[in-house]
Amino acid sequence: MTRIEVLRGDITTLAVDAIVNAANTSLLGGGGVDGAIHRKGGPKILEECKAIRNRQGGCATGEAVITSGGNLNAKFVIHTVGPVWSGVDHGKLDVLLANAYRNSLALALQHNVTTIAFPNISTGIYGFPKPRAAEIAIREVQNFLTKQPTIAKVFFVCFDEENFDLYETLLTSRR
Ligand code: AR6
């Protein structure tokens with residue numbers, strides 16, 4: 001059975017060990033999936049984010065930090081920061097997006113997470129091209145799973161139809 005699954009919908013509803021948040025370097029919340037997670041997860045998540053921010057000054061692009069899931073059905077929220085798409089240095093942006101997926105998975109492993117759900121990091125407000133981001137996300141998750149048997153399930157939770165179709169197509173062609 002495959003360990004990667006694509007879902008269409010709202011990541012905040014999932015009962016998994018960890019959901020990943022597409023946050024920003026401030027860790028203080030924002031729009032998109034970040035806003036949805038903080039709204040539904042309640043103030044505890046923001047308090048924990050503020051404590052991390054006080055300790056280490058936020059979260060750099062491509063890095064990840066972890067909090068509890070607050071009122072969510074998920075035990076943990078892993079907050080990572082994807083790159084903002086821009087006209088230059090696309091290779092560097094690719095690396096930063098790959099780092100966001102890899103570092104989130106590494107942190108999950110440290111916290112004995114066996115089921116984890118990712119949104120399509122950077123493909124909303126940050127404007128990363130969706131096909132390019134999907135290739136990177138799938139490649140990083142597949143590479144990680146090959147090396148790490150303890151992660152039982154990774155969900156790609158796609159909010160929009162374009163991402164959902166991209167993931168379905170890419171994963172079907174690689175199975
Ligand atoms: N569940 C799953 N996916 C969602 C949800 C949801 N509830 N809501 C949106 N998406 P974005 P970014 C999708 O903009 O591009 C915030 O202000 C959305 O359709 O949330 O990494 C942060 O604070 C898109 O495919 O994140 C940062 O400042 C994907 O999630 C900035 O946005 C990511 O879109 C981060 O931008």
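**Exercise 1. The residues around the ligand**

In this predicted model, find which of the 22 residues around the ligand come nearest.

*Solution.* Start with the ligand and look at what surrounds it. Of the 22 residues there, the nearest are Asn24, Gly31, Val33, Asp34 and Ile125. Next, sort the shell by class: eight residues are nonpolar, 11 are polar and three are charged. Finally, ask which element supplies the largest share. That is helix 1, residues 32-41, with four residues.

**Exercise 2. Oxygen atoms of the ligand**

Work out which part of Gly31, backbone or side chain, lies 2.7 Å from an oxygen atom of the ligand, and then look at Asn24 and Asp34.

*Solution.* Take the residues one at a time.

- For Gly31, a backbone N or O atom is 2.7 Å from a ligand oxygen atom.
- For Asn24, an N or O atom of the side chain lies 2.7 Å from an oxygen atom of the ligand.
- For Asp34, a polar atom of the side chain is 2.7 Å from an oxygen atom of the ligand.

Now step back to the ligand's surface: alone, the ligand exposes 700 Å², and the protein buries 91% of that. As a last step, look at the space the ligand takes: this space is the largest pocket.

**Exercise 3. Ser68 and its contacts**

Decide whether Ser68 is buried or exposed, and find what its side chain reaches.

*Solution.* First, place the residue: Ser68 belongs to strand 3. Then check its accessibility. Ser68 has a relative accessible area of 17%, so it is buried, as the cut-off for buried is under 20%. Now follow the side chain. One polar contact, of 3.2 Å, links it to the side chain of Lys44. The side chain of Ser68 also reaches the backbone nitrogen of Gly70, at 3.3 Å.

**Exercise 4. Two loop residues with a positive phi**

Find the loops that hold Asp89 and Asn112, and say what is notable about the phi of each.

*Solution.* Begin with the general rule: most residues other than glycine have a negative phi. Asp89 is not a glycine, yet its phi is positive, about 55 degrees. Asp89 sits in the loop between strand 4 and helix 3, the helix of residues 90-110. Asn112 is not a glycine either, and has a positive phi of about 55 degrees. Its loop runs between helix 3 and strand 5, residues 115-118. To finish, test Asn112 for accessibility: its relative accessible area is 65%, so Asn112 is exposed, the cut-off being over 50%.

**Exercise 5. Sequence and space**

For Pro83, Arg8 and Asn71, state the location, the accessibility and the C-alpha distance to a second residue.

*Solution.* Go through the three residues in turn.

- Pro83 lies in the loop between strand 4 and helix 3. Its relative accessibility is 2%, so Pro83 counts as buried. Pro83 and Leu96 are 13 residues apart in sequence, and their C-alpha atoms are 6.1 Å apart in space.
- Arg8 is part of strand 1, residues 4-8. With 47% relative accessibility, Arg8 counts as partly exposed. In sequence, Arg8 and Thr123 are 115 residues apart; in space, C-alpha to C-alpha, they are 15 Å apart.
- Asn71 is in the loop between strand 3 (64-68) and strand 4 (76-80). Asn71 has a relative accessibility of 59%, so it counts as exposed. Asn71 and Val141 are 70 residues apart in sequence and, C-alpha to C-alpha, 27 Å apart in space.

Terms used
Residues numbered from 1 in each chain as written. Predicted model: local features only at pLDDT ≥ 70, side-chain atom pairs only at ≥ 80, totals over all residues. Heavy atoms only, no water. Near = heavy atom within 4 Å. Polar contact = N/O pair within 3.5 Å; in protein donor to acceptor, adjacent residues only side chain to side chain. Areas by Shrake-Rupley, 256 points an atom, 1.4 Å probe, with all protein chains shown as cover. 1 Å grid on protein atoms, 1.4 Å probe; cavity = no way out; pocket = protein on both sides within 12 Å on 5 of 7 lines; lining within 4 Å. Sits in = over half its atoms within 2 Å of the grid points. Nonpolar A, V, L, I, M, F, W, Y, C, P; charged D, E, K, R; others polar. Buried < 20%, exposed > 50% of the residue type's maximum accessible area, 1.4 Å probe, protein only.
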